[in-house]
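User: I am new to this model and would like a close look at a single part, the pairing of strands in a sheet. Please explain the terms as they come up, and then place that part in its wider setting.

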Amino acid sequence: MVFEPPQRLVRALGETAPDGDDWLQRLPEAAQRAVALRELTVERVQVPGGRSSLVVLVRTADGTPAVLKLAPGRARPEAERAALAHWAGRGAVQLLEAVLPAEGVLLLERLHPDVSVRSLPEAKALLEAAGTLRRLWVEPPAGFPFETVAERTGRQAEAMRARAQADPEVAPLVELALAARAELLAAPPEHRLLHGTFRQSKVLAGERMPWLAVGPDPVVGECAFDLARLVRDRVEDLIAQPSGAATTRRRVKRLAESLDVDQERLRGWTLFRAVESGVRAGRVGRPRDAELLLEFAGWL
């Protein structure tokens, strides 16, 4: 079978790192080797797929449905493997095997790839997503191989400062976001293993549990950081509403209360993460996304 990467993946790799083309060139061979090594039967490549990996629907030698996931090093597949192993299927997709661990190739439990929690009405989707996220917040393993929130946001803060110098229009929001980060990191309330990139589309329907998380970019820190990305889900719908600002503030309050997270800390991390994503979108040539995210951040 020809393992053709979806265009969404090709575009995303082109935005992020110079080794993208090299990994794409090596991708078909890695996929073929993994399939042959575990005697997998390929059904199809998942389209449109994600922005950081190739997902292939397969069956194992005994006919069990599974997913073969291949990711470049910049997507931190080893950290994903370690997190999935630690969760052991509690709230997240089950890791079946690291097929070619040095090349970021994982064999995972098959969920329903076309049915995410985002398909539910908004209120129900937020409820189910939040419940799934809560199960992931556990003590990290000893000697964990994950970035901390301070480390990850520190790298992001450097890029934000550079962008603010080049584009004075975003400077006021960047300064607010960086000030919020500094205050939040001064006294983090907990030390938990977090999904890292959690949103509604990362929660898929399963067989052994109704909803399970996929695609973590794990990080260790406080729960409010993880929940912050969920606050802005369906941001395009929020921006389109005349009451979008009020709806956003109610969402912050409702999610904080439902997951026992400090509301002000959630607001602060939501501000930082929205500005960071908006600045990054502008930097890589997605002006519409940048505009939406920065307008959303302004409401906070």
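Analyst: Strand S8 and strand S11, the latter covering residues 219-221, pair in the antiparallel sense over 3 bridges, where two strands count as paired if DSSP finds at least two bridges between them. Helices (H or I, at least four residues) and strands (E, at least two) are DSSP runs, numbered from the N terminus. This is a predicted model, in which local features need pLDDT of at least 70 and side-chain atom pairs count only at pLDDT 80 or more, while totals for chains, interfaces and linings use all residues. Residues are numbered from 1 along each chain as its sequence is written, and side-chain values use heavy atoms, with hydrogens and water left out.

Within the pairing of S8 with S11, Leu194 stands opposite Val219 in S11. The two strands belong to an open sheet of 3 strands, in the order S7-S11-S8, with mixed pairing. Strand S7 (147-148) and strand S8 (192-194) are at the edges and have a single partner strand each, so one side of each is left without a neighbour in the sheet. As a general point, strands of a sheet pair through backbone hydrogen bonds, either parallel or antiparallel.

Next comes helix H7, which covers residues 223-231 and contains Arg229. Arg229 is buried, with a relative accessible area of 14%; buried means under 20% relative accessible area, exposed over 50%, and partly exposed in between, using a 1.4 Å probe and protein chains only. If residues up to four places away in sequence are not counted, Arg229 touches Phe198, Arg199 and Arg273, a contact being heavy atoms within 4.5 Å. The C-alpha atoms of Arg229 and Leu37 are separated by 37 Å, and the two residues lie 192 residues apart along the chain.

A second buried residue is Thr248, at 1% relative accessibility, and its place is in helix H9 (residues 244-258). Not counting residues up to four places away in sequence, Thr248 touches Leu238, Phe296, Trp299 and Leu300.

Other strand pairings can be read in the same way. Strand S2 (residues 54-59) has 5 of its 6 residues buried, so S2 is largely enclosed by the rest of the structure. On one hand S2 is joined by 4 bridges to strand S1 (residues 41-45), the two running antiparallel, and here Arg44 stands opposite Leu57 in S2. On the other hand S2 pairs with strand S3 (residues 65-70) in the antiparallel sense over 6 bridges, with Pro65 in S3 as the bridge partner of Arg59. S2 and S3 form a hairpin with 5 residues between them, and Gly63 in the turn has a positive phi of about 90°.

Strand S4 (residues 95-100) and strand S5 (residues 105-109) also run antiparallel, joined by 4 bridges, and Leu100 stands opposite Val105 in S5. They form a hairpin with 4 residues between them, in whose turn Gly104 has a positive phi of about 70°.

As for the wider setting, the protein has 11 helices and 11 strands. Its radius of gyration is 19 Å, close to the 19 Å that the globule rule gives for 300 residues, so the protein is as compact as a globular protein of that length; the radius is taken over C-alpha atoms, and the rule is 2.2 Å times the number of residues to the power 0.38. Of the 300 residues, 53% count as buried.
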